[in-house]
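Here is a brief report on a ligand site and its surroundings. Please look over the sequence and the model before reading on.

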Amino acid sequence: MEQLVITGQKKLFGEVPISGAKNAVVAIIPAAIMANGISIIENLPCIEDVTCLVNTIKALGAECQFLDDNKLKIDSTNIKSYIATDDSVKKIRASYYLMGALLGRFKRAEVAMPGGCNFGSRPIDLHLKGFEAMGAQVKQEYGIVKLYAEKLRGAHIYLDQASVGATINIMLAAVYAEGSTIIENAAKEPHIVDTANFLNMLGAKVKGAGTDVIKIKGVKELRGAEYMIIPDQIEAGTYMIAAAAAGGDVTVKNIIPKHMDSLSAKLDEIGCIIEEGDDFIRVISTGSFRSANVKTMAYPGFPTDLQPQMTALLCIADGTSTLTENVWENRFQYVNELRRLGCSLTVEGRAAIIKGVSQLSGAEVNATDLRAGAALIVAGLCAKGVTRIGNVKYIDRGYEKIEYKLKAIGADIKRVIKE
Ligand code: EPZ
């Protein structure tokens, strides 16, 4: 089993190049198979979720070729199958985008229920309600979602919750519906805008992405296109939090600073110095900082995907902080692992009450999911002594070359095989 081994208490100095956004690319690859032609996707993050999705679309008949580690050519001309039920589909949550993509292109889809991080129940009822509103019949049996539509027609859909996945999935299917579809109460995350921009490059007619009303005018065909994925807001935020927690002077580059506003404001509030440029943010920290109260919200609020990392940072703040998780019903499963490193926090309902301690100490811990793994890295960077983190496979799902990027700014971290 692989472990990341960190010897903590090293301040961090230097630059971190940020990769393409995981939550954009996992929607854009399924979107690409809706086109009758060749797409070239650049700034692709080299992460497990991408590998998984590429294997899935190859099984559907797409021809895929990595032109380099971060550049992928997809020829979806000869895709014939609308059945995605192999094991790779069940590994990640974003497989559900194949429902909208295949239903749109073939008017039918059979997709295994998705996997992904376990934060309690992760229903897809809003996705399916949207497909039904466009005229699809939905059947779920043997762990497979089966969709069929004589034809897809535009609909006026109001999402009960501003769901990222439902917004994107309905947008995908609506591209090939007859007439126009309106999605109200749509999610506004940067990766939704990126997916809409890519669809429009393919020839779709999507307007309003990034606002809470998205309008999609159905088209007959999509052609391939060349596209560059936006930088990863959550990867960038993870390194910003690591710099704040460990102390030092770190610049995250190749980013869109606007996407980081809620985190930059919070780091400024606790006493870090934040400098912003066109495509970078610099974080200067002494390694000690004030406590704070944080609430996760849909974009542009504080991202739930930075919640575990922020919790780890607040564990060594001066005073007591609270972190309220408003998006997921149970996203504090990593708390016990933080306690093993000396953190003092309790969870009451949706809120973590975090009592800052002066010193963490290294221990053997296990990532419970992708961002929880990132939180353990943040804590390990600050802890006295050695921290060993297991279940590295979760971390590799969403972070490209994480130990190399951290080593480059002075962290003492290595990947080892534990017998
Ligand atoms: C996406 O998940 C991200 N994953 C998650 O990031 C992220 O935490 C989440 O959006 C919120 O920003 C990907 O993009 C692949 P939602 P998604 O639909 O689409 C409820 C990471 O670490 N809901 O916005 O699954 C749901 O239970 C991952 O990169 C329904 O009730 O999230 C949750 O409470 C983890 N019914 C809320 O909406 C539905 O049909 C938000 O979920 C869909 C969602």
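A polar contact here is a pair of N or O atoms within 3.5 Å. Keep in mind that this is a predicted model.

**Polar contacts to the ligand**

By that cut-off, a polar side-chain atom of Asp305 makes a contact with a ligand oxygen atom, at 2.6 Å. The protein covers 92% of the 820 Å² of accessible area that the ligand has on its own. The side chain of Asp125 offers an N or O atom 2.7 Å from a nitrogen atom of the ligand. For Gln161, a polar side-chain atom lies 3.5 Å from a ligand oxygen atom. The table sets these pairs side by side.

| Side chain | Ligand atom | Distance |
|---|---|---|
| Asp305 | oxygen | 2.6 Å |
| Asp125 | nitrogen | 2.7 Å |
| Gln161 | oxygen | 3.5 Å |

**The shell and the pocket**

The ligand has 23 residues around it. Tyr96, Asp125, Ser163, Asp305 and Val327 come nearest. Sorted by class, the shell holds ten nonpolar, six polar and seven charged residues. Four helices each supply at least two shell residues: α1 (22-32), α5 (125-133), α6 (164-174) and α12 (370-382). The space that the ligand takes up is the largest pocket.

Where does the ligand lie relative to domain 1 and domain 2? Domain 1 (2-19 + 231-417) gives residues to the shell, and domain 2 (22-228) does too, so the ligand lies between them.

**Backbone details**

Two loops deserve a look. One is the loop between β18 (293-295) and α10 (307-314), which holds Pro300. The peptide bond from Tyr299 to Pro300 is cis, and its omega is near 10°. Another loop runs between β11 (180-184) and α7 (190-202), and Asn185 lies in it. Asn185 is not a glycine, yet its phi is positive, near 60°.

Terms used
Residues are numbered from 1 along each chain as its sequence is written. This is a predicted model: local features need pLDDT of at least 70, side-chain atom pairs count only at pLDDT 80 or more; totals for chains, interfaces and linings use all residues. Side-chain values use heavy atoms; hydrogens and water are left out. A residue is near a molecule or strand if one of its heavy atoms lies within 4 Å of it. A polar contact is a pair of N or O atoms within 3.5 Å; within protein, one must be able to donate a hydrogen and the other to accept it, and residues adjacent in sequence count only if both atoms are side-chain atoms. Accessible areas come from the Shrake-Rupley method with a 1.4 Å probe; for residues, only the protein chains shown count as cover. On a 1 Å grid over the protein atoms alone, a cavity is a set of points where a 1.4 Å probe fits but cannot get out, and a pocket is an open set with protein on both sides within 12 Å along at least five of seven lines; lining residues have an atom within 4 Å of a point. A molecule sits in a cavity or pocket if more than half of its atoms lie within 2 Å of its grid points. Ala, Val, Leu, Ile, Met, Phe, Trp, Tyr, Cys and Pro count as nonpolar, Asp, Glu, Lys and Arg as charged, and the others, Gly among them, as polar. Domain bounds come from an automatic or database domain assignment.
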